[in-house]
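Please open the structure in your viewer and keep the selection tool at hand, since each stop on this tour begins with something to pick out.

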Amino acid sequence: LLMVSGMDRYFQIVKCFRDEELRADRQPEFTQIDCEMSFVEQEDVLNTFEAMTRRIFKEVVGHEFPTFQRMKYADAVRDYGLDKPDLRYDMKLTDLTELIHGQAGTAGMPLFKDAGLITAIAVPELGKWGNKKIKALEKRARTEAGAEAMVWLKCDKLPGKIDCSAKKNYSNDEMLAWATACKAKDGDLVCIFAGPGGHMSDHTREVTGKWRHIMGTELGYRSKGFVGLWVVDFPLLEFDPDEGRYIAKHHPFTSVKAEDEEKMKSAPGDVRANAYDLVINGVEVGGGSIRICDRAMQMKTFELLGFSQEEALAQFGFLLGAFEFGPPPHGGMAFGLDRLCTILGGETSIRNYIAFPKNNQGRDVMIASPSPLTPAQLEELSIDTIQKVKDDAAAEEKAAAEGGASA
């Protein structure tokens with residue numbers, strides 16, 4: 001709306017609230033620096049803020065970045081499992097789907113047989129660990145990376161006899177083929193994950209990508225240095241399995257790459273957006289896009305997301321109306337100030353750079369918030385609360401007892 005009004009460029013420092021999973025680099029409340037410019041293309045935005053970022057790191061910590069690599073989203077998730085890879089170490093993903101599905105042992109291995117995608121990484125040094133310690137990693141893979149299960153393969157004295165958690169189903173030669181495909185060396189531990197393919201492939205790769213970051217931290221690969229890159233060519237949409245439909249990958253106001261516009265109806269999952277993220281050390285420190293500035297295209301995007309014309313006008317009529325006044329082409333990006341400070345300070349948690357951070361339950365322990373509202377406050381807001389009874393049987397028994405007492 002500021003762009004439509006004739007504001008050429010602006011930046012604002014804003015406090016944001018976001019209801020999402022809490023972790024080391026996330027808090028419910030955080031500080032964001034929003035920047036927007038008129039009459040720019042993607043390269044203008046990337047060059048402007050890359051120069052700014054390089055200057056910040058040089059002046060604050062004395063680090064001189066080389067030119068940031070530009071990595072396509074598809075390449076990032078294929079090779080590293082995530083759209084924010086830490087490039088301070090290698091450990092790329094290997095797709096083992098075709099190899100494993102072609103092996104006889106898979107017939108008796110439902111985890112692999114039913115999988116649409118099977119990916120693996122070769123983790124250095126861990127193949128020297130004892131089996132008890134390695135089996136403890138299986139639990140960590142489930143709890144920390146969200147894996148259904150992890151199959152491991154110890155590479156010791158290759159190409160000799162291999163120890164593997166799936167050795168009951170596969171021959172030594174079959175398992176050796178996995179190690180060869182992953183380019184594993186003596187002392188490596190090959191970690192294998194399986195999940196759905198198709199439009200859910202990125203979610204399956206994400207598990208392996210998270211594990212790659214966890215193992216990088218375990219081995220001390222993520223403790224020093226800085227590597228920055230731009231991740232570009234994001235998909236416009238991502239499939240939501242809960243909703244059973246496509247939703248916006250970033251937000252519904254991101255413009256489509258001109259060459260992909262014709263795919264919006266025929267192949268919506270293949271449409272790329274003019275969107276980009278700045279990633280440093282495996283952390284997204286900023287992101288943005290070139291915006292839609294045409295009412296017809298905005299309506300086309302809303303329709304793709306399942307909005308009827310009436311719903312789009314009801315929720316975004318103010319924006320569609322503003323488009324009638326001819327907004328200029330515009331774009332920008334937003335930086336997470338807390339995350340940027342955390343990386344510059346060599347820390348791992350943004351809580352150290354927030355005055356009153358929330359704990360893992362989302363509570364502010366300094367002021368004991370959130371806390372129960374008083375009856376007077378609830379009445380003033382015309383709000384009533386109902387306490388759900390967890391045990392229906394106990395509730396029925398209580399009701400019957402009260403009925404008998406009154407009789």
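In this predicted model, begin by selecting F112, V151, W178, V190 and I192, which, among the 25 residues of the largest nonpolar core, touch the most other members. Next, colour the elements that each supply at least two residues of this core, namely helix 5 (110-113), strand 5 (117-123), strand 6 (151-154), helix 7 (172-181) and strand 8 (189-195). Of these, helix 7 gives the largest share, with 4 residues. In soluble globular proteins, nonpolar side chains tend to be buried together.

Now centre the view on W178 and, leaving aside its neighbours within four places in sequence, look for the residues in contact with W178, which are L96, L99, I100, Q103, F112, V151, L153, C164, Y170 and I192. After that, select M71, A76, A273 and I292, which are included in a second, separate core of 23 residues.

Turn then to the strands, and follow the open sheet that 7 of them form in the order 1-2-14-13-12-9-3, with mixed pairing. At its edges you will find strand 1 (9-17) and strand 3 (69-72), each of which pairs on one side only. As you rotate the view, note that neighbouring strands in this sheet are turned by 20° against each other on average, with direction ignored.

Select strand 1 together with strand 2 (residues 29-38), which run antiparallel and are joined by 9 bridges; here Q12 stands opposite D34 of strand 2. Finally, move to helix 3 (residues 73-80), which lies across strand 3 and strand 9 (228-232) and runs at about 80° to strand 3.

Terms used: Residues are numbered from 1 along each chain as its sequence is written. This is a predicted model: local features need pLDDT of at least 70, side-chain atom pairs count only at pLDDT 80 or more; totals for chains, interfaces and linings use all residues. Side-chain values use heavy atoms; hydrogens and water are left out. A nonpolar core is a set of buried Ala, Val, Leu, Ile, Met, Phe, Trp, Tyr and Cys residues joined through side-chain atoms within 4.5 Å. Buried means under 20% relative accessible area, exposed over 50%, partly exposed in between (1.4 Å probe, protein chains only). Contact means heavy atoms within 4.5 Å. Two strands pair if DSSP finds at least two bridges between them. Axes are lines fitted to C-alpha atoms, for helices over the stretch in contact, and angles run from 0 to 180 degrees between N-to-C directions.
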